[in-house]
Amino acid sequence: MLGEGILKGMAETAKNFVGSFFSAQRLTTVQYPEQRIAAYEAARVFPFLVYDTENRDGGWPEWEAGLRCVACQICEKECPPKCIFIEKSKDKKLDANGKAQFYPARFDIDISVCMSCQICVEVCPFEAIKMDTQFELSTEDRFGGLLLDCKQLAKPNEYYHQIHPSDAAEVDGRLAEGRAKADAKVTAGALAAAQKKAAEPPTGAGN
Amino acid sequence: MTEVAPQERDELKFKDSQVRESGSPPHGRGPARGEPGPGAPIHSGITAERPEGWNRPALIQPSGDGELLEVAMGPHHPSTHGVFRMDVALDGERVIRLRPVFGYLHRNHEKIAEGVSYLASMPYTDRLDYICPMTNNWAYALAVEKLTGQEVPERAEYLRVILGELTRFQNHASSIGFLIQEMGASGTPLMYAFREREKILDLFESLTGARMMVNYMRFGGCRVDASPAWLDETRKVVAGLPEFVDEFDRLLSSNEILMARTQGVGVLKADLAVNAGVTGPMLRASGVNYDIRKVDGYGIYNRINFRVPLGDHGDVYDRFMIRLLEMRESITILTQALKDIPAGPVMDPKAKLRGFRPKPGEAYGRIEAPKGELGFYLISDGGPNPYRYRIRPPSLINLTVLEDMCLGHDVADVVLIFGSVDIVLGEVDR
């Protein structure tokens, strides 16, 4: 029959046309600002600094008191494009284990230079810097707006739990272990001191 | 600036002119093979002579009627896959001479790497051949492991093979897509390839956190372990790949237009390919059985059963076909690796992430990257950063025979031949 091929071809086209509205496999477009695809748990964009909300050294704002960073500057040294700038503090503040530590007087990340390689996260021995999943960071000021300071970078541990739940749980476990060890050391030290004191003949009236 | 006394200056000049008169240029490297130097019009020095023993195709003499036309294709030409320029001398439509010009995307990678620690170069290697970052990571990790003498755990080796073959698959799929695009079928075949690539990139993202700039492999293993869910997902994706290759095969391999455009076009003879150091699918399309996965058996490749497809004619069609067949072989490698992957750690417990200083010495780690032999040559002087860091990029070296393949063909075929080389400018210029 004349035109049979055309009819066959058009039937295929029609099938595809209708299918493109109903077949779930082919409805792949996501209307971005309204609809979003959930980020993968491993997703990484730019780093942020984690702070613990329960740790409060009096007189500091919440984010600064709980900051895990001790300004050791390892990340600054290892960062491949050198986008981190850290200034160590002169004085010390108490960290989550109750130990006096330095803190970053300045901690800047130039995210216009950062290449999201995650090396700062891997080398940090204090679990203080982690990768964020926030990617909508457009700003009117392309210099100052992309140079994030300590306050802009600081985010609570709860936020970390929210974006990377399994990683955060693992990190919390590791930190709790370290804290328990430190506590054991402190109590062992106190016990030894007490025993030493008890062995010595009492000198003061208070004992 | 140091001042030079007038008579000394004259002496220098005299020495310089002496050298020039004696025939060899002052830098020891003159314009190669009688080619005109930079800046000179390239058709000015055309002769019919070529050095013996290379089996390079003879230069084509202009027909004599009409003038030669010199065209600069690129650096912003849609066919150049980036910023690359071909200075072509044309006699009508025929290519008489072709000179590749690169360096537009030079990023100083090798020198930067000599100034930073070993680890800090790893994310930069992602940006060499940005279509296949996993294999770049692998080659660099292999070179540093050779330098420091580190062992890689079994599971990490399997993961590397899985990720490397997924990379090869998506590279070949998209390179075929680009090739067909350059033939004039804009969009559709490329989008077919990208649909499959997207699935593989999603796997990369869920494992490493990034689609392309993965920064995944470490010296002595891999950064994170793959979860059982990820492996299941990969098995599912791999199970769907043969269908895609079959579809591609059915639509393309016996397509009349594709055959007319590619068969007998851009022939690369086996001995020229070997002499020029061409590697990868391009070399195998010329019929040379050389696959570093078989030769070196690095990683766990000597435990895996796979075949090396070889071409016969070395034309564009063979190169297309080799890529298609290699995709099929990649699937068999993937199925075997995914079946046998053992449990265990993915990182050598003794491996140090930072602050290690390899003993003075040198190492060359090479792998069969999707585009050819990718090698990293490292020299350590005992410091925390490499003394010398050199990359052997397959794209650049495969590109050196471009002129020999293009001579005598039409301009439209130049685009096709160039596409069949399969280059990424990030790797050519580094």
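Biologist: Which residue stands opposite A:Leu49 in strand 6 of chain A?

Modeller: That's A:Ile129. One reminder before we go on: this is a predicted model.

Biologist: How do you know that strand 1 of chain A and strand 6 of chain A pair?

Modeller: Two strands count as paired if there are at least two bridges between them. Strand 1 of chain A and strand 6 (residues 129–131) have 3 bridges, in the antiparallel sense. That is enough bridges to call them a pair, because the cut-off is at least two.

Biologist: Which way does strand 8 of chain A run against strand 1 of chain A, parallel or antiparallel?

Modeller: Parallel, and 3 bridges join strand 1 to strand 8 (residues 154–156). In that pairing, A:Val50 stands opposite A:Lys155.

Biologist: And what holds paired strands together in general?

Modeller: Backbone hydrogen bonds, whether the strands are parallel or antiparallel.

Biologist: What makes you say strand 1 of chain A is largely enclosed?

Modeller: A residue is buried if 20 or more other C-beta atoms lie within 10 Å of its own. In strand 1 (residues 47–51) of chain A, 5 of the 5 residues are buried, so the rest of the structure largely encloses this strand.

Biologist: What does strand 5 of chain A pair with?

Modeller: One partner is strand 2 (residues 84–88), joined to strand 5 (residues 104–110) by 5 bridges and running antiparallel. There, A:Glu87 has A:Arg106 as its bridge partner. Another partner is strand 7 (residues 147–148), antiparallel over 2 bridges. In that pairing A:Ile109 is matched with A:Leu148. Those 2 bridges still make a pair, because at least two are needed.

Biologist: How do you know whether chain A as a whole fits the rule for a compact globule?

Modeller: Set the two values side by side. A compact globule of 207 residues would have a radius of gyration near 17 Å, but chain A has 28 Å. The value for chain A doesn't match the globule value. Its C-alpha atoms fill a box of roughly 120 × 40 × 30 Å along the principal axes. Buried residues make up 22% of the 207 in this chain, which has 7 helices and 8 strands.

Biologist: Over to chain B. Why is B:Leu399 called buried?

Modeller: Count its neighbours: B:Leu399 has 22 C-beta neighbours inside 10 Å, so it counts as buried. The cut-off is 20 or more. This leucine sits in helix 13 (residues 394–399) of chain B. Leaving out residues up to four places away in sequence, B:Leu399 touches B:Pro100, B:Val421, B:Ile423 and B:Val428.

Biologist: What makes strand 1 and strand 3 of chain B edge strands?

Modeller: The sheet is open, with 3 strands in the order 1-2-3 and antiparallel pairing. Strand 1 (69–73) and strand 3 (94–101) each pair on one side only. Neighbouring strands here are turned by 20 degrees against each other on average, direction ignored. Strand 1 and strand 2 (residues 85–91) of chain B share 5 bridges, and B:Leu69 stands opposite B:Leu90. Across strand 2 and strand 3 lies helix 15 (residues 411–421), at about 150 degrees to strand 2.

Biologist: How do you know whether helix 7 of chain B has the expected span?

Modeller: Compare expected with found. Helix 7 (residues 228–252) has 25 residues, which should span 36 Å at 1.5 Å a residue, and its end C-alpha atoms are 36 Å apart, so the two agree. Its buried residues are B:Thr234, B:Val238, B:Leu241, B:Phe248 and B:Leu252. Their cover includes helix 5 (154–182), helix 6, helix 8 (256–262) and helix 12 (316–340) of chain B.

Biologist: What makes helix 5 of chain B "mostly covered"?

Modeller: Of its 29 residues, 26 are buried. Helix 5 reaches 42 Å from first C-alpha to last, close to the 42 Å expected. Just after helix 5, B:Gly184 takes a positive phi of about 115 degrees.

Biologist: Last one: how many residues from each chain take part in the contact between them?

Modeller: Chain B gives 16 and chain A gives 13. On the side of chain B, helix 6 supplies the largest share, 4 residues. By class, that side has 9 nonpolar, 5 polar and 2 charged residues.

How values were computed:
Residues numbered from 1 in each chain as written. Chains lettered and ligands numbered in written order. Predicted model: local features only at pLDDT ≥ 70, side-chain atom pairs only at ≥ 80, totals over all residues. Rg over C-alpha atoms; globule rule 2.2 N^0.38 Å. Buried ≥ 20, exposed ≤ 12 C-beta atoms within 10 Å, placed from the backbone. Axes fitted to C-alpha atoms, helices over the stretch in contact; angles between N-to-C directions. Contact = placed C-beta atoms within 7 Å. Nonpolar A, V, L, I, M, F, W, Y, C, P; charged D, E, K, R; others polar. Expected span 1.5 Å × (residues − 1).
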